[in-house]
Amino acid sequence: AASQPDALTLITVWFNNTRLIEIHNFKLNKIFVVQVSKKDVEGFKKLFHRFLQVKGPSVEWIKIQRPPEDSIQPYDKIAARGLPDNVADCLNKLVVVKLNGGLGTSMGCKGPKSLISVRNENTFLDLTVQQIEHLNKTYNTDVPLVLMNSFNTDEDTKKILQKYTHHRVKIHTFNQSRYPRINKDSLLPVATSLHMTGQNAEAWYPPGHGDIYASFYNSHLLDKLIEQGKEYIFVSNIDNLGATVDLHILHHLVSQPNGKRCEFIMEVTDKTRADVKGGTLIQYEGKLRLLEIAQVPKAHVDEFKSVSKFKIFNTNNLWISLAAIKRLQEQNAMDMEIIVNPKTLDGGQNVIQLETAVGAAIKSFDNALGINVPRSRFLPVKTTSDLLLVMSNLYSLDAGCLTMSPKREFPTTPHVKLGSSFTKVQEYLTRFESIPDILELDHLTVSGDVTFGKNVSLKGTVIIIANHGDRIDIPAGSMLENKIVSGNLRILDH
């Protein structure tokens, strides 16, 4: 195994040797590929160097303080100021950026997650385009959409973008970096070449969404947008269907006096028991800072998860100044904690990948602010249980935006837990003849081989458990209210 001081030298030698082999083997037609990755090489070496230098935890628990009152503003206070007459002027300073590096594998889908259908045959990407097009048409503006792709999603995304050519939205893309996974023991890359084919496919990874700053800057798209008069980006995960452009937050940003310009806004929302792992905002050494569960010493994890001490969590809806990103990149002053993510490859090899989170850079920006937004701005679709909610009559769809039905008596969403038979989207769809009415549902747990007929209505707390070897078919038109269903129930066509 390499000793740590030697590791950086060995990484450099590895990259240089690999590049020479590539150029020798593939001659001119492949040199371009190698040159393109030069920025990735430099970026990775910088990250790796920092990884070697960091000793011990990145936060001292005793130094953590609650953020000052005025550093996290309630959304109502921001919205109470109303909107200016020149909404279009505000919008023309905005760029919408969606993080589009993830695959749909956790939901049993191939290709980019953004291409999964979530409502009325519309994909995450369709809904995003519809939202921005609606803004551009309503206010006669030019808000562009920028997608940060990864090498996993770039090709498939670009193919699908052709279908939006006649929509009133300019769409740009740039690519996240491509970094090598490193052997946990030797700290050397496990890749044998700079290519992604064969066994090498597993040797590379996109280094988390904190990579947005460097990749955006290196793509030259940042400069191009600043030249066009754009001032702020609104960044969010493409699978968060609540992350729509909010005109009140935008107005708050652009209306600050010059000396007090807020360079970074993080939307936070109140924590529930389902969000105990979400990152939270703290005051640390005089700066607002994001604290992630990975940074918390083991002895304090329960304290971190407690809803009483840390009341809010980061939705990853962020509003950031383009000029500030440019300044911090050029000064090499973007400071983000490194997340060390251990993985086991298919062959059983233990590797680590070094990542950063986009919100962690908050401490590098001037006059950063948290805004405590309604829960409706955080509607992520990570599982088919989430998908059931957004496909149901709980929400209505208008111009790409999902709005909770006024017929729902409580503003909270039901707690839904679908078992392993529902994990994959295709399987999940075959188990529902139609999506049940869940307007009055509080809690649903489904486990085992269960199917739902048409026009089923679920209310209160419903638990349906088919034991191994059993099957339960919920009949069409059933209404289950505060019921536990177990055993075996088969309905066969006569």
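Visitor: Is K113 buried or exposed?
Guide: The model is a predicted one. In it K113 has a relative accessible area of 11%. The cut-off for burial is under 20%, so K113 counts as buried.

Visitor: Which side chain does K113 meet in a salt bridge?
Guide: K113 sits in the loop between β2 (94–100) and β3, and its partner sits in the loop between β10 (232–237) and α9 (247–254), 126 residues apart. The N to O distance of the pair is 2.8 Å. The partner is also buried, with a relative accessible area of 6%. The residue that K113 meets is D239.

Visitor: With which residue does E267 form a salt bridge?
Guide: The closest N and O atoms of the pair are 2.7 Å apart. E267 belongs to strand β11 (residues 264–270), while the partner lies in the loop between β17 (369–372) and α12, 110 residues apart. Both residues are buried. The partner of E267 is R377.

Visitor: Which residues are linked with R289 in a network of salt bridges?
Guide: R289, in strand β13 (residues 287–291), and E337, in the loop between α11 (322–330) and β15, are 48 residues apart. Their side chains meet in a salt bridge of 3.1 Å, N to O, and both residues are buried. The network takes in R289 together with D335, E337 and K363.

Visitor: How many salt bridges does the count come to?
Guide: The pair D239 and K113 is one of them, and the pair E267 and R377 is another. The count comes to 22.

Visitor: Why is helix α12 largely enclosed by the rest of the structure?
Guide: Helix α12 covers residues 384–391. Its buried residues are T384, S385, L387, L388, L389 and V390. What covers them includes β3 (117–119), β20 (415–418), α13 (425–430) and β21 (441–447). The helix is largely enclosed because the buried residues number 6 of the 8.

Visitor: Which residue in β19 is the bridge partner of S396?
Guide: β18 and β19 pair in the antiparallel sense over 4 bridges. They make a hairpin with 2 residues between the strands, where A399 takes a positive phi near 50°. In β19, S396 has as its bridge partner T403.

Visitor: In what order do the 3 strands of the open sheet stand?
Guide: The edge strands, each pairing on one side only, are β8 (182–183) and β15 (339–344). Helix α2 (residues 38–53) packs on the sheet and touches β8, β15 and β16, its direction making about 105° with that of β16. β8 is joined to β16 (residues 350–355) by 2 bridges, and I182 has I352 as its bridge partner in β16. With antiparallel pairing, the order is β8-β16-β15.

Visitor: How many disulfides does a search of the whole structure find?
Guide: For C262, the nearest cysteine sulfur is that of C90, 14 Å away. For C401, the nearest is again that of C90, 18 Å away. A disulfide needs sulfur atoms within 2.5 Å, so neither C262 nor C401 is in one. The number found in the whole structure is 0.

Visitor: Which residue does the UniProt annotation "binding site" cover?
Guide: The annotation comes from an unreviewed UniProt entry. The residue lies in the loop between β9 (204–205) and α7 (212–218) and counts as partly exposed, at 27% relative accessibility. Beyond four places in sequence, its contacts include L99, M148, N237 and T356. The residue covered by the annotation is H209.

Key: Residues are numbered from 1 along each chain as its sequence is written. This is a predicted model: local features need pLDDT of at least 70, side-chain atom pairs count only at pLDDT 80 or more; totals for chains, interfaces and linings use all residues. Side-chain values use heavy atoms; hydrogens and water are left out. Two strands pair if DSSP finds at least two bridges between them. Contact means heavy atoms within 4.5 Å. Axes are lines fitted to C-alpha atoms, for helices over the stretch in contact, and angles run from 0 to 180 degrees between N-to-C directions. Buried means under 20% relative accessible area, exposed over 50%, partly exposed in between (1.4 Å probe, protein chains only). UniProt positions are given in the numbering used here, feature names are shortened, and annotations may be inferred rather than shown by experiment. A salt bridge is a side-chain nitrogen of Lys or Arg within 4 Å of a carboxyl oxygen of Asp or Glu.
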